[in-house]
Amino acid sequence: MDLTKVTQQIASQQDDLLELVKQLVAFETPAPPARNTREAQNFVADSPAGKDGYRTIPQLAEERIRRSAEKLKDDGFTMFDDGFKVFELAPSNIKSWNGISADEQGVLDFSSNNLVEGRVDADLLYEILLKKGLSLNLNVDVIHEDGVTIFDVADGMLFIIAGTNITREAAEIVAKKRNEYGSEGLIITSNVVLLDEGFVTTEEKLNAMSILENSGYYNSEIESI
């Protein structure tokens, strides 16, 4: 490993971060130069934005996005989506993954009662996308069926079945969607992730697995957490 190149990359990234901070906090006045991250953070606290209660770079970024959207609307631009996602670093939603490096986690394994209490289905969705190296901006269609949430990611590339009342009917929905995408030539590869503890009975889980396999999924394409 070339430590000189690594150091240069880190320095370059830090310069980019400092420039971003200066732009974010400059709501009304230009920001003075900052030589390191600590100076940038101190500047945030002492800036007009800091005095208005903003303390972190994400808070500033969110406010700039909101203000930019409002400015566009004021200028007469209405045909745009002003929504955005905000993510916060947190321990894994999956108990067996907490404290384990990404390399050690490997594939998703069968395990009951493995979801951290208090987490919601969307938390699980985005962690799985991250674990699989997929973009957080992929299109996601959501299907709700009596206590079951099915996330259809990127037109069937990935299905995630979550909820507290999962039955074989969820697998039938996924199988139908997969066949529809396949007939349109949209699917090259498809995987399914199941929330194991969400099934009402073990029998329903086994039947769901069988339905998915009969619809064309290989066992290796069906994962459970």
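In this predicted model, Lys73 comes out as partly exposed, at 38% relative accessibility. Its side chain meets that of Glu70 in a salt bridge, with N to O at 4.0 Å. Glu70 is partly exposed too, at 42% relative accessibility. The two sit three residues apart in helix 4, so about one helical turn separates them. Lys73 also forms a salt bridge with Asp82, and here the closest N and O atoms are 2.8 Å apart. Asp82, at 33% relative accessibility, again counts as partly exposed.

Another pair to look at is Lys132 and Glu223, whose side chains meet in a salt bridge at 2.7 Å, N to O. This one ties together distant parts of the chain: Lys132 is in the loop between helix 6 and strand 1, Glu223 is in strand 5, and the two positions lie 91 residues apart in sequence terms. Lys132 is partly exposed, with a relative accessible area of 32%, whereas Glu223 has 11% relative accessibility and counts as buried, because the cut-off for buried is under 20%. Elsewhere, salt bridges with shared partners join Glu62, Glu63, Arg66 and Arg67 into one network. The full count comes to 10 salt bridges.

Strand 5, which covers residues 222–224, also holds Ile222. Ile222 is buried, at 5% relative accessibility. Setting aside neighbours within four places in sequence, Ile222 is in contact with Val192, Leu194, Met209, Leu212, Glu213 and Tyr217. For Leu194, the C-alpha to C-alpha distance to Ile222 is 7.6 Å, with the two 28 residues apart in sequence.

Helix 6 (residues 121–131) has a run of buried residues: Leu124, Leu125, Tyr126, Glu127, Ile128 and Leu129. Their cover includes strand 1 (140–145), strand 2 (148–153), strand 3 (158–163) and strand 4 (191–194). After helix 6 comes Gly133, with a positive phi near 70 degrees.

Now for the surface. Ile65, Phe84 and Val86 make up a nonpolar patch, and together they have about 240 Å² of accessible area. Ile65 belongs to helix 4 (residues 57–74) and is partly exposed, with a relative accessible area of 39%. There is also a negative surface patch, formed by Asp141, Asp155, Glu180 and Glu184. Of its members, Asp155 is found in the loop between strand 2 and strand 3; Asp155 is partly exposed, with a relative accessible area of 35%.

Methods:
Residues are numbered from 1 along each chain as its sequence is written. This is a predicted model: local features need pLDDT of at least 70, side-chain atom pairs count only at pLDDT 80 or more; totals for chains, interfaces and linings use all residues. Side-chain values use heavy atoms; hydrogens and water are left out. Patches are made of residues with over 30% relative accessible area and no salt bridge: like charges are joined within 9 Å, nonpolar side chains (Val, Leu, Ile, Met, Phe, Trp, Tyr) within 5 Å. Accessible areas come from the Shrake-Rupley method with a 1.4 Å probe; for residues, only the protein chains shown count as cover. Helices (H or I, at least four residues) and strands (E, at least two) are DSSP runs, numbered from the N terminus. Buried means under 20% relative accessible area, exposed over 50%, partly exposed in between (1.4 Å probe, protein chains only). Contact means heavy atoms within 4.5 Å. Lys and Arg count as positive and Asp and Glu as negative; His and the chain ends are not counted. The place of a charge is taken as NZ of Lys, CZ of Arg, CG of Asp or CD of Glu.
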